[in-house]
Amino acid sequence: PLTAQLTDSRCEHAQLTLQDGRILVVGGQTGHVPRSLAGLASTELIDPKTMRVTPGPALHRVMKTATSHLLPDGRAVIVGAGSASVFDPRTDKWQRNIVFRQSRLEHASALLDDGRILVAGGTNRMSIEVVDVDEGVSRMMSARLPEPLDDLSAVALPGSRAWIIGGQSSRTGRTTDRTWIVDVSNPRRSTIKEGPRLGVAGGVADATVITVRRWAAVLSGESDMGLSDRELTDTRLLDTRELTVRSLPALPAPHDDAQGAAVGNDLWL
């Protein structure tokens, strides 16, 4: 089988497939777990047809735990640390860098149906802000999480809303199975309300979320009750229209901090 060798070994990086088929790999950390990891600002581009790896443009700053989104026009947005960086695949350069109101680590983000990007939580963060890529600004919302949460997840909902899922308290280290519905259709009057619980004993953090049309599958991750981590095989299916949660069969093995993808109606983890 063909393999591609990255120049920088990395974990907790962001990656996405561009419209031309190339894979953009961004940031993350390199070194030895757990005490000698260093953040990366480097990027790489993989051509799956030739398996050739080429250096991409460096980020404006190190991004240890970035998230990524592909805009309808083909640009990529990398969200992390203190900014959102916009990559233009036509030039293979960063088009702009949008500074956040608060720097974030281990946050969640979602590309809303109006083209804005909602960024929530992160280590020691309760706040929510929304990035407008076309205007080049990020605005802080009045809605806030009930406590500082990191390693949480988010999926977009219709009507400029997002579903915030699980996470780990930055204060206590305990994970939660709570969810929240955030409405930012009116930036001056953003709201947050409790959503249905996931029903996972001990809560969920570091889950892999894969969206297929109206469905969002929440897969694996870990629970932490303040004493030790327990890697999960639990799976949940979220209906983004009805705002309901249902259980799916357990995975054959746990997958913490995994990458996932949808291929047709199949979910790959």
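The residues that line the largest pocket of this predicted model divide into 20 nonpolar, 15 polar and seven charged. Together they make up a lining of 42 residues, and those that lie nearest the centre of the pocket are Gln-15, Thr-67, Ser-68, Val-209 and Gln-259. The volume of this pocket is about 1,500 Å³. Two or more lining residues come from each of the elements β1, β7 (67-70), β10 (108-111), β15 (153-157), β20 (208-212) and β26 (261-263), and the largest share, five residues, is given by β20.

Enclosed space is a separate matter from the open pocket. A search of the whole structure finds one cavity of 30 Å³ or more, and the space in the largest cavity comes to about 30 Å³. Its walls are formed by Leu-198, Val-200, Val-204, Val-218, Ser-220, Asp-234 and Arg-236, a lining that divides into four nonpolar, one polar and two charged residues.

**The hairpin of β15 and β16**

Strand β15, which gives two or more residues to the lining of the largest pocket, is mostly covered, with four of its five residues buried. It runs antiparallel to β16 (161-165), and five bridges join the two strands; in this pairing Ala-154 stands opposite Ile-164 of β16. The hairpin has three residues between its strands, and Gly-159 takes a positive phi near 80 degrees there.

Most residues other than glycine have a negative phi, and two residues on either side of β15 are therefore worth a look when the backbone is inspected. Asp-151, in the loop between β14 (149-150) and β15, has a positive phi of about 55 degrees although it is not a glycine. Ser-160 is placed in the loop between β15 and β16, and its phi, near 55 degrees, is likewise a positive value in a residue other than glycine. Asp-151 is buried, with a relative accessible area of 14%, and Ser-160 is buried as well, with a relative accessible area of 10%.

**An open sheet of four strands**

Four strands in the order β1-β2-β5-β6 form an open sheet, in which the pairing is antiparallel. Its edge strands are β1 (14-17) and β6 (52-55), each of which pairs on one side only, and the twist from one strand to the next averages 20 degrees. Within this sheet, β5 (residues 43-47) and β6 pair in the antiparallel sense over four bridges, and the bridge partner of Glu-44 in β6 is Pro-55. Glu-44 also takes part in a network of salt bridges that links it with Asp-8 and Arg-10. The edge strand β1, for its part, is one of the elements that give two or more residues to the lining of the largest pocket.

**Salt bridges**

Side chains of opposite charge can pair when their charged atoms come close. The structure holds 13 salt bridges, and the table sets out three of them, with the separation of the nitrogen and oxygen atoms.

| Salt bridge | N to O distance |
|---|---|
| Arg-22 and Asp-92 | 2.9 Å |
| Arg-75 and Asp-134 | 3.4 Å |
| Arg-116 and Asp-114 | 2.9 Å |

The side chains of Arg-22 and Asp-92 meet in a salt bridge. Arg-22 lies in the loop between β1 and β2 (23-26), while Asp-92 lies in the loop between β8 (76-88) and β9 (93-104), so this pair ties together parts that are 70 residues apart in sequence. Arg-22 counts as buried at 16% relative accessibility, whereas Asp-92 is partly exposed, with a relative accessible area of 27%.

In the salt bridge of Asp-134 with Arg-75, Asp-134 belongs to the loop between β12 (127-132) and β13 (137-144) and Arg-75 to the loop between β7 and β8, so the pair ties together parts that are 59 residues apart in sequence. Asp-134 counts as exposed at 63% relative accessibility, whereas Arg-75 is buried, with a relative accessible area of 11%.

Arg-116 forms its salt bridge with Asp-114. Here Arg-116 counts as buried at 12% relative accessibility, and Asp-114 is partly exposed, with a relative accessible area of 37%.

Key:
Residues numbered from 1 in each chain as written. Heavy atoms only, no water. Pairing = 2+ DSSP bridges. Axes fitted to C-alpha atoms, helices over the stretch in contact; angles between N-to-C directions. 1 Å grid on protein atoms, 1.4 Å probe; cavity = no way out; pocket = protein on both sides within 12 Å on 5 of 7 lines; lining within 4 Å. Points joined across faces, edges and corners; volume = space filled by probe spheres on them. Nonpolar A, V, L, I, M, F, W, Y, C, P; charged D, E, K, R; others polar. Buried < 20%, exposed > 50% of the residue type's maximum accessible area, 1.4 Å probe, protein only. Salt bridge = Lys/Arg side-chain N within 4 Å of Asp/Glu carboxyl O.
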